[in-house]
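Good morning, and thank you for coming. Please look at the sequence and the model on the screen while I speak.

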Amino acid sequence: MITKELVDRINELAKKAKTVGLTEEETEERQRLREMYLAAFRENLKAQLDNIRFVEDMTEDMKDVEESVEEAEEELKEAIEDIAEAEARIEAKLN
């Protein structure tokens with residue numbers, strides 16, 4: 001995970017490398033931190049790319065949803081007609 005502390009330390013070591021230079025331990029630390037940063041960056045980028053949906057795919061999904069809605073509307077109309085018929089039969093029996 002890329003944290004502010006990680007970025008701050010990388011920047012601190014980069015600045016020191018440009019001004020007074022780094023010790024061997026600091027050079028190794030800088031390399032480890034860079035690798036950690038790049039690994040986290042790649043992981044975040046991959047996660048973002050995995051969440052991308054193409055418009056063509058979304059269009060197909062929308063067609064499926066529209067078909068489901070149409071089917072549900074038809075079923076609802078049939079149910080309303082059945083209820084109306086049942087009410088008419090009940091009304092006829094009561095009269």
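I shall describe the overall form of the chain, then its salt bridges, and then two patches on its surface.

Let me say at the start that this is a predicted model. Everything I report should be heard with that in mind.

I begin with the secondary structure. The protein chain contains three helices and zero strands. Read along the sequence, the pattern is α-α-α. Helix α1 covers residues 4-19, helix α2 covers residues 24-50, and helix α3 covers residues 55-94.

How does the radius of gyration of the chain stand against that of a compact globule? A compact globule of 95 residues would have a value near 12 Å, whereas the protein chain has 33 Å. The dimensions of the C-alpha trace may help you to picture this. Along its principal axes, the trace spans about 105 × 30 × 15 Å.

Two pairs of residues give a further sense of distance. Glu 67 and Arg 34 are 33 residues apart in sequence, and their C-alpha atoms lie 51 Å apart in space. Glu 73 and Glu 28 are 45 residues apart along the chain, with 66 Å between their C-alpha atoms.

Next, consider how much of the chain is covered. Of the 95 residues in the protein chain, 8% are buried. The chain exposes about 8500 Å², and carbon and sulfur atoms supply 55% of that area.

I turn now to the salt bridges. How many does the structure hold? There are five, and I shall go through some of them.

In helix α1, the side chains of Arg 9 and Glu 12 meet in a salt bridge, at 2.5 Å from N to O. These two residues are separated by about one helical turn, because they are three residues apart in helix α1. Arg 9 has a relative accessible area of 24%, so Arg 9 is partly exposed. Glu 12, with 47%, is also classed as partly exposed. The pair does not stand alone: Arg 9, Glu 12 and Glu 29 are linked in a network of salt bridges.

Another salt bridge joins Lys 16 to Glu 26, and here the closest N and O atoms are 2.6 Å apart. Lys 16 lies in helix α1 and Glu 26 in helix α2, so this pair ties together parts that are 10 residues apart in sequence. Are these two residues buried or exposed? Lys 16 counts as partly exposed, at 30% relative accessibility. Glu 26 has a relative accessible area of 14% and is therefore buried, since the limit for a buried residue is under 20%.

In helix α2 we find a salt bridge between Lys 46 and Asp 50, with 2.8 Å between the closest N and O atoms. Why are Lys 46 and Asp 50 separated by about one helical turn? The reason is that they are four residues apart in helix α2. Asp 50 is exposed, with a relative accessible area of 52%.

I come now to the surface, and to charge in particular. The protein chain carries 15 positive and 29 negative charges, and the mean positions of the two groups are 15 Å apart.

Which residues form the negative surface patch? Its members include Asp 64, Glu 66, Glu 67, Glu 70, Glu 73, Asp 82 and Glu 85. Let us look at three of them. Glu 70 lies in helix α3 and counts as exposed because its relative accessibility is 53%. Glu 67 is found in helix α3 as well; with a relative accessible area of 45%, Glu 67 is partly exposed. Glu 73 also belongs to helix α3, and at 45% relative accessibility Glu 73 counts as partly exposed.

There is also a nonpolar patch on the surface. Phe 41, Leu 45, Leu 49, Ile 52 and Phe 54 form this patch, and together they have about 500 Å² of accessible area. One of these residues, Leu 45, is found in helix α2. Its relative accessibility is 38%, so Leu 45 counts as partly exposed.

Let me close with a brief review. The predicted model shows three helices and zero strands. The structure holds five salt bridges, and one of them links Lys 16 with Glu 26. On the surface there are a negative patch that includes Glu 70 and a nonpolar patch that includes Leu 45. Thank you for your attention.

Definitions and conventions:
Residues are numbered from 1 along each chain as its sequence is written. This is a predicted model: local features need pLDDT of at least 70, side-chain atom pairs count only at pLDDT 80 or more; totals for chains, interfaces and linings use all residues. Side-chain values use heavy atoms; hydrogens and water are left out. Patches are made of residues with over 30% relative accessible area and no salt bridge: like charges are joined within 9 Å, nonpolar side chains (Val, Leu, Ile, Met, Phe, Trp, Tyr) within 5 Å. Accessible areas come from the Shrake-Rupley method with a 1.4 Å probe; for residues, only the protein chains shown count as cover. A salt bridge is a side-chain nitrogen of Lys or Arg within 4 Å of a carboxyl oxygen of Asp or Glu. Lys and Arg count as positive and Asp and Glu as negative; His and the chain ends are not counted. The place of a charge is taken as NZ of Lys, CZ of Arg, CG of Asp or CD of Glu. Buried means under 20% relative accessible area, exposed over 50%, partly exposed in between (1.4 Å probe, protein chains only). The radius of gyration is taken over C-alpha atoms; the globule rule is 2.2 Å times the number of residues to the power 0.38.
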